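This report walks through one protein, starting from a pair of charged side chains. Please keep the sequence and the 3D view side by side while you read.

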Amino acid sequence: LKELNLPTSQYYHSKRKYLEQEMHQSTFKSRQEKSYPIIKEFEEWIRTNLLLVRKGTPIEKAMSYAYTYLPRLSRYVLDGTYLPDNNLVENAIRPLAVGRKGYLFCDNHISATRAALAYSLISSCKAAGVDPREWLSDVLNKSYDYQMNKKDFNELLPHNWKQE
C-alpha cells in the first residue's frame, strides 16, 4: 500500500467540514420535525385570525407583516446552515451603532470623523481576530517607515496585519 501523506491542516479541515455537514444534517432533521409544524400552525393561526381583526389597527399591521415574511422564515427549515435570526450580525454592529450616537456629541465634524475612523478600525481588528492595542501600537511604530519608504499602507490594515 502506498502511504497517504496529507498535511495535517488538510486533514483537520476535511474533518471539520464533515462534522459541520453532519451537524447541519441533524439540525435540518430537527427543524423538519420540530420547527416546521410550529411555523405551519402559526401561519394557519394568522390566516384564521387576520379576518377577525379590524383593518388598520396595529395588531392587523403586525399580523400582516408576519404573514408576509413567513416564507422567508420558513427557509431556515430547509437548510441546517441558515439561522432563524440575525442576532450574530446585530451583536457585531452594536458598538458601531452606539458610537454613531456618540458622534452627535462631538464638537465638530472633524472630531466626529476621527471618532468614526477609530471605531471602524477597532471593529475591523475585532472582526479579523486581532488585538486592537497590539495592532495600533505596531502600526504607529511602522507608519513612519511606511510613509518614508512609500510602502503600501494596505499591509497594515487589520485583516492584512502580521506582527513581526
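**Salt bridges**

Glu-44 and Arg-47 lie 3 residues apart in helix H1, so about one helical turn separates them. Helices here are DSSP runs of H or I with at least four residues, strands are runs of E with at least two, and numbering starts at the N terminus. The two side chains form a salt bridge, with the closest N and O atoms 2.9 Å apart. A salt bridge requires a side-chain nitrogen of Lys or Arg within 4 Å of a carboxyl oxygen of Asp or Glu.

This is a predicted model, in which local features need pLDDT of at least 70 and side-chain atom pairs count only at pLDDT 80 or more, while totals for chains, interfaces and linings use all residues. Residues are numbered from 1 along each chain as its sequence is written, and side-chain values use heavy atoms, leaving out hydrogens and water.

The structure holds 5 salt bridges. The table lists some of them.

| Pair | Closest N to O distance | Helix and spacing |
|---|---|---|
| Glu-44 and Arg-47 | 2.9 Å | H1, 3 residues apart |
| Glu-43 and Lys-40 | 3.3 Å | H1, 3 residues apart |
| Asp-138 and Lys-142 | 3.0 Å | H5, 4 residues apart |

How exposed are Glu-44 and Arg-47? Glu-44 has 42% relative accessibility and counts as partly exposed. Arg-47 is also partly exposed, at 38%. Lys-40 is partly exposed too, at 39%. Buried means under 20% relative accessible area, exposed means over 50%, and partly exposed lies in between (1.4 Å probe, protein chains only).

The pair in H5 has another setting: both Asp-138 and Lys-142 are buried. Asp-138 has a relative accessible area of 12%. Back in H1, salt bridges with shared partners link Lys-40, Glu-43, Glu-44 and Arg-47 into one network.

**Overall fold**

The protein has 5 helices and 0 strands. Along the sequence the pattern reads α-α-α-α-α. H1 covers residues 8-49, and H5 covers residues 132-148.

Of the 164 residues, 16% count as buried. The accessible surface comes to about 13600 Å², and 58% of that belongs to carbon and sulfur atoms. These areas come from the Shrake-Rupley method with a 1.4 Å probe, and for residues only the protein chains shown count as cover.

**Nonpolar cores**

Which residues make up the largest nonpolar core? They are Cys-125, Val-130, Trp-135, Val-139, Tyr-146, Leu-156 and Trp-161, 7 residues in all. H5 supplies the largest share, 3 residues. A separate second core has 6 residues, including Met-63, Leu-70, Tyr-76 and Val-77. A nonpolar core is a set of buried Ala, Val, Leu, Ile, Met, Phe, Trp, Tyr and Cys residues joined through side-chain atoms within 4.5 Å.

Not counting residues up to four places away in sequence, Trp-135 touches several residues, among them Leu-121, Leu-157 and Pro-158. Contact means heavy atoms within 4.5 Å.

**A loop residue**

Asp-79 sits in the loop between helix H2 (58-78) and H3. At 26% relative accessibility, Asp-79 is partly exposed. Leaving aside neighbours within four places in sequence, Asp-79 is in contact with Phe-28 and Arg-31. Asp-79 and Arg-31 are 48 residues apart in sequence, and their C-alpha atoms are 8.8 Å apart.

**Confidence**

The mean pLDDT is 81, and 85% of residues reach 70 or more. This score is the predictor's confidence in each residue, from 0 to 100. Among the elements, H3 (residues 87-103) has the lowest mean pLDDT, 75, and H5 the highest, 91.
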